[in-house]
Amino acid sequence: MDSICFLGFNLYAWITIATVFSMFSVLLFTKWRSDLVFLGAIGVLFVTGVLDAKEAFSGFSSTSVVTVGVLFVVVAGLTHTGVLQCIVRYLLGTPKTYSKAVTRLMLPVAVLSSFLSNTTVVTLFVGIVKMWARKLNVSPSKLLIPLSYASGMGGICTLIGTPPNLIISGLYEEKTGEAMNILTTTIPGLFCLAVGILSVIAMRRLLPDRKAPESAFESTGDYTVEVQVPSDNPYIGQTLGEAGLIHVKGGSLIDLYHFDNAPSPVMEDEPILGGDHLIYAGQIDELIEMAVSHKLVSADHHIFSMSEIDKHSHLRTAYVNIGSKLIGTTIGGSSFEKDNHLTLAAVARCGERINQAPRQVMLQAGDTLLFVCSSHTDINSSSLKKNLHFFDSDEVPNIGTGTLISTAIMIAMVVLSALGVLPLLQCAFLAAAAMLICRCCDMDQAMKAINWDILMVFAGSAVLGLAIQKTGIAERLAFSILDVCGTNPIVVMVAICFAGTFITEFISNTAAGAMFFPIMYEAAEKLGYEPFPFLVALMISVSSSFATPIGSPTHMLVYGPGGYRFSDFMRIGLLMNLIILAANILIVNIVYPLTPLH
């Protein structure tokens with residue numbers, strides 16, 4: 001097969017190219033699980049002979065992948081002892097101007113994201129920022145995009161702050177035998193962060209001023225709620241007018257369905273039957289009170305008696321995740337409510353009322369859903385977390401001695417690694433063990449904290465980079481880039497970093513880092529320079545995705561709560577991409593000057 005060539009690539013190279021493009025197409029245009037897609041790609045490369053068994057599964061034993069897995073346990077200890085909550089409580093304050101508010105928000109978020117999972121930090125801050133924005137009389141949409149940006153820019157400040165840094169540094173160590181310091185990207189990262197904060201402040205007019213989605217549950221006419229008439233309801237046999245169910249306090253009846261699901265006219269003389277579904281538009285708290293006073297119930301299934309209602313039910317607000325299986329479906333057309341022991345009460349979309357029964361609404365990413373949850377509802381279950389995000393579902397830990405202990409463990413891990421006393425992996429193992437021994441988290445919490453889906457993606461990304469390098473694709477692409485860009489190392493660095501920034505808007509930044517590592521490494525060597533500064537610039541560029549909500553998991557977390565539209569990210573994000581790219585190239589070449597190969 002090696003002798004069969006077309007356009008400079010052998011058959012193994014074309015199989016790799018086809019696998020890469022197929023994998024990215026599936027990730028972009030389907031809702032398939034990313035871990036299974038990467039596993040499938042590994043299988044294809046192994047079965048076709050592109051990689052042997054040792055190479056195909058080398059990602060699972062990669063130092064960077066194991067480090068990420070162990071760090072999940074460290075983060076669990078910090079989370080369950082309230083370190084993040086403690087920091088939030090004392091840092092935000094009450095700034096007087098928008099500029100000060102952005103700075104007070106982005107700096108602590110960036111610092112935390114340098115050592116913790118970006119998604120963990122953003123998840124904690126989203127609810128806080130929403131309340132904080134109301135206190136400051138600022139739209140949450142003006143602060144939630146900066147929140148997500150800060151987590152991404154903070155992550156690049158250390159090797160453990162974001163997965164691509166670990167993947168690229170791990171591949172570099174395998175290539176050269178030299179380990180990067182945990183603080184390798186700190187100075188370039190802090191410079192880019194400072195430029196990013198100033199850019200957000202300067203371009204604040206490009207940030208959308210959206211109505212908070214949850215306000216649709218606070219103002220009249222912005223949402224719909226569906227209730228049902230149980231069979232023992234005292235108003236059965238009366239008309240809507242007699243029962244006072246058309247114009248009620250806080251809203252009005254907009255639709256009525258009898259037991260045969262056929263819409264009926266909303267008229268004063270329309271009779272009330274057991275099993276009727278009533279659709280109201282209005283103010284949520286007052287309509288809930290009306291439903292209780294008129295002995296109406298949530299409309300997930302027919303109720304024969306009020307005694308069947310769970311007395312411990314409560315309201316929870318959730319947002320439909322990007323990539324959720326609920327997108328394009330209706331709640332009423334599935335067993336979702338029954339499977340998860342909850343009932344959909346209301347739907348809002350960008351603060352606008354949906355004139356349709358909530359359970360018949362075709363859901364979209366970012367929709368705000370109001371659920372009636374029973375005592376049996378587990379809002380932390382994996383099935384719910386993959387489709388919805390409940391911002392009021394996080395457990396509030398007790399802040400005490402455990403908070404100080406877990407903080408000390410984290411600081412010790414970073415210091416020992418930064419000073420070169422022990423390699424990062426050994427430091428991470430010791431920190432994880434210390435978290436368990438000191439009871440900062442228990443075994444169950446530690447195991448639940450390990451995200452096996454993410455580890456599969458990391459392992460697959462490492463194998464992908466190996467295949468691109470082994471088949472000669474990286475070398476060929478490096479030569480092609482040199483043919484187009486010439487032999488100026490700065491121009492080549494800019495070209496590859498620009499491509500990395502663009503690609504990472506649509507695919508995992510981990511996959512982008514693994515894919516571009518061999519290309520950047522080969523290009524640097526062909527130019528006759530040490531690859532190290534080129535790779536530092538690559539680390540920053542593949543984590544600089546600002547222009548699309550699918551470019552980062554943290555963007556997805558703020559997309560629903562901010563009431564954003566897809567184009568909102570592009571308005572400010574495209575400029576941010578170019579600004580951070582320029583800042584990246586400038587600072588990296590100052591801190592790590594290009595050095596010719598010896």
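**Entry 1: lining of a cavity**

I sorted the residues that line the second largest cavity of this predicted model by character, and they divide into seven nonpolar, one polar and no charged. The lining that I wrote down consists of Met23, Phe38, Ala41, Ile42, Leu45, Gly460, Val463 and Leu464. I then looked up which elements give two or more residues to this lining, and found α2 and α18 (452-470). The largest share, four residues, comes from α2. For the volume of the second largest cavity I noted about 40 Å³, and the count of cavities of 30 Å³ or more comes to two.

**Entry 2: aromatic pairs**

I next searched the whole structure for aromatic pairs, and the search finds six. I took up Phe46 and Phe57, whose ring centres are 5.6 Å apart and whose planes stand at 65 degrees, so I entered the pair as edge-to-face, the angle being over 60 degrees. The two rings link distant parts of the chain, eleven residues apart, with Phe46 in helix α2 (residues 34-47) and Phe57 in the loop between α3 (53-56) and α4 (63-80). I checked the accessibility of each partner: Phe46 counts as partly exposed because its relative accessibility is 34%, and Phe57 is likewise partly exposed, with a relative accessible area of 38%.

I went on to Tyr149 and Phe546, an edge-to-face pair for which I noted 4.8 Å centre to centre and 75 degrees between the planes. This pair also links distant parts of the chain, since I found Tyr149 in helix α8 (residues 141-155) and Phe546 in the loop between α22 (532-542) and α23 (553-559), 397 residues apart. Tyr149 and Phe546 are both buried. I also recorded a cluster in which ring pairs link Tyr172, Phe532 and Tyr592.

**Entry 3: the surroundings of Ser406**

Is Ser406 buried or exposed? I entered Ser406 as buried, because its relative accessibility is 0% and buried means under 20%. I located Ser406 in helix α15 (residues 401-418). Leaving aside the neighbours within four places in sequence, I listed the contacts of Ser406 as Gly77, Leu78, Thr81, Val83, Met435 and Cys440. I also looked up the separation of Ser406 from Ala431, and noted that the two residues are 25 residues apart in sequence and 8.9 Å apart in space, taken from C-alpha to C-alpha.

How values were computed
Residues are numbered from 1 along each chain as its sequence is written. This is a predicted model: local features need pLDDT of at least 70, side-chain atom pairs count only at pLDDT 80 or more; totals for chains, interfaces and linings use all residues. Side-chain values use heavy atoms; hydrogens and water are left out. Buried means under 20% relative accessible area, exposed over 50%, partly exposed in between (1.4 Å probe, protein chains only). Contact means heavy atoms within 4.5 Å. Rings of Phe, Tyr and Trp (its six-membered ring) pair if their centres lie within 6.5 Å; planes under 30 degrees apart count as stacked, over 60 as edge-to-face and the rest as tilted. On a 1 Å grid over the protein atoms alone, a cavity is a set of points where a 1.4 Å probe fits but cannot get out, and a pocket is an open set with protein on both sides within 12 Å along at least five of seven lines; lining residues have an atom within 4 Å of a point. Grid points are joined across faces, edges and corners, and a volume is the space filled by probe spheres set on the points. Ala, Val, Leu, Ile, Met, Phe, Trp, Tyr, Cys and Pro count as nonpolar, Asp, Glu, Lys and Arg as charged, and the others, Gly among them, as polar.
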